[in-house]
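Thank you all for coming; I would like to walk through one chain this morning, going from strand pairing to cores and then to a few single residues. Please keep the sequence and the structure open while I talk.

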Amino acid sequence: MDSAPIKANASMESLELKRPFQSIERHFENVDTENENQVPTATTSTAGLITAPLHHLKRVKHIHDKLRKNPVGASGASLEKAQLFSNKTHYNPHDPDARISVKPGKARKLNHHCSMAVDSGQGVISHIQADFADGRDSQYLPTMTLQVQNRLKANELRMTELLADAGYSNGFNYQFLDLRNITPWIPVFGK
């Protein structure tokens, strides 16, 4: 199992600031409605809206303040504007599913996340999926594993081992694989 960023067909130059999920007036209307024990109407699309919780936004602000004091020396990060983009505060209206992703020593870019499972003995692609690029590899392992297991089961085959890099390493994933009688060949990340 492995993954790779796939460049989005969108540019960092066209990022726009997300707007609040709802106006103050709408918020007060919803509060009044809730106080009357009625269910408020839901918004259908959240593209371009701030949906992150307040504590996430505070963390982003703290990181931005820190970057302003001590700029990062990574390639492409020397521009002050590039350092201050976050998926919590910005989006690309041309490709709302594209996410800003960062790799150590590389510039921030708009990408998608492509994960792939391959039968290493036969060289056959067992599963491939696209996700948002702001997630970690480790969070996609359970879904990928279940998809591969279902596909193999439909063909009367069984998954017994899983090989992946340290990006897929975490305690939940080791337990998840152990409960399914799959031997994980995943190096432990860090200590």
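Pro5 has His113 in β7 as its bridge partner, and that pair belongs to the antiparallel arrangement in which six bridges join β1, residues 2-7, to β7, residues 109-119. I should say straight away that this is a predicted model, so everything I describe is computed from predicted coordinates.

Let me stay with β7 for a moment. Strand β6, residues 99-101, pairs with β7 in the antiparallel sense over three bridges, and within that pairing Ser101 stands opposite Lys109. Then there is β8, residues 124-132, which pairs with β7, again antiparallel, over eight bridges; Val118 is matched there with Ile125 of β8. The two strands β7 and β8 form a hairpin with four residues between them, and in that turn Gly123 has a positive phi of about 70 degrees.

Ser101 deserves a closer look. This serine is placed in strand β6, and it counts as buried because its relative accessible area is 15%, where buried means under 20%. If we set aside residues up to four places away in sequence, Ser101 touches Ala107, Arg108, Lys109, Asn111 and Ala133. From Ser101 to Phe132 the C-alpha to C-alpha distance is 9.4 Å, with the two residues 31 apart in sequence.

Stepping back to the whole chain, we have five helices and 10 strands. Of the 191 residues, 33% are buried, and the chain exposes about 13100 Å², of which carbon and sulfur atoms supply 54%. Among contacts between residues at least 6 apart in sequence, 54% join residues that are at least 24 apart.

Which residues touch the most other members of the largest nonpolar core? In that core of 14 residues, they are Met1, Leu141, Leu162, Leu177 and Ile186. Helices α4, residues 137-154, and α5, residues 171-179, each supply at least two residues of this core, and α4 gives the most, with four residues. A second, separate core has eight residues, including Ala8, Met12, Ala98 and Leu110.

To return to Ile186 in the largest core, its contacts, again not counting residues up to four places away in sequence, are Leu141, Leu162, Ala164, Asp165, Tyr168, Ser169, Tyr174 and Leu177.

I will finish with backbone geometry. Most residues other than glycine have a negative phi, and with that in mind I would draw your attention to two residues. Glu156 is not a glycine, yet has a positive phi of about 55 degrees; this glutamate sits in the loop between α4 and β9, residues 161-163. Is Glu156 buried or exposed? Glu156 is exposed, because its relative accessible area is 76% and the cut-off for that class is over 50%.

The other residue is Asn181, whose phi is near 55 degrees, a positive value in a residue other than glycine. Asn181 lies in the loop between α5 and β10, residues 183-185, and with a relative accessible area of 62% Asn181 is exposed as well.

Definitions and conventions:
Residues numbered from 1 in each chain as written. Predicted model: local features only at pLDDT ≥ 70, side-chain atom pairs only at ≥ 80, totals over all residues. Heavy atoms only, no water. Buried < 20%, exposed > 50% of the residue type's maximum accessible area, 1.4 Å probe, protein only. Contact = heavy atoms within 4.5 Å. Areas by Shrake-Rupley, 256 points an atom, 1.4 Å probe, with all protein chains shown as cover. Pairing = 2+ DSSP bridges. Core = buried A, V, L, I, M, F, W, Y, C linked by side-chain atoms within 4.5 Å.
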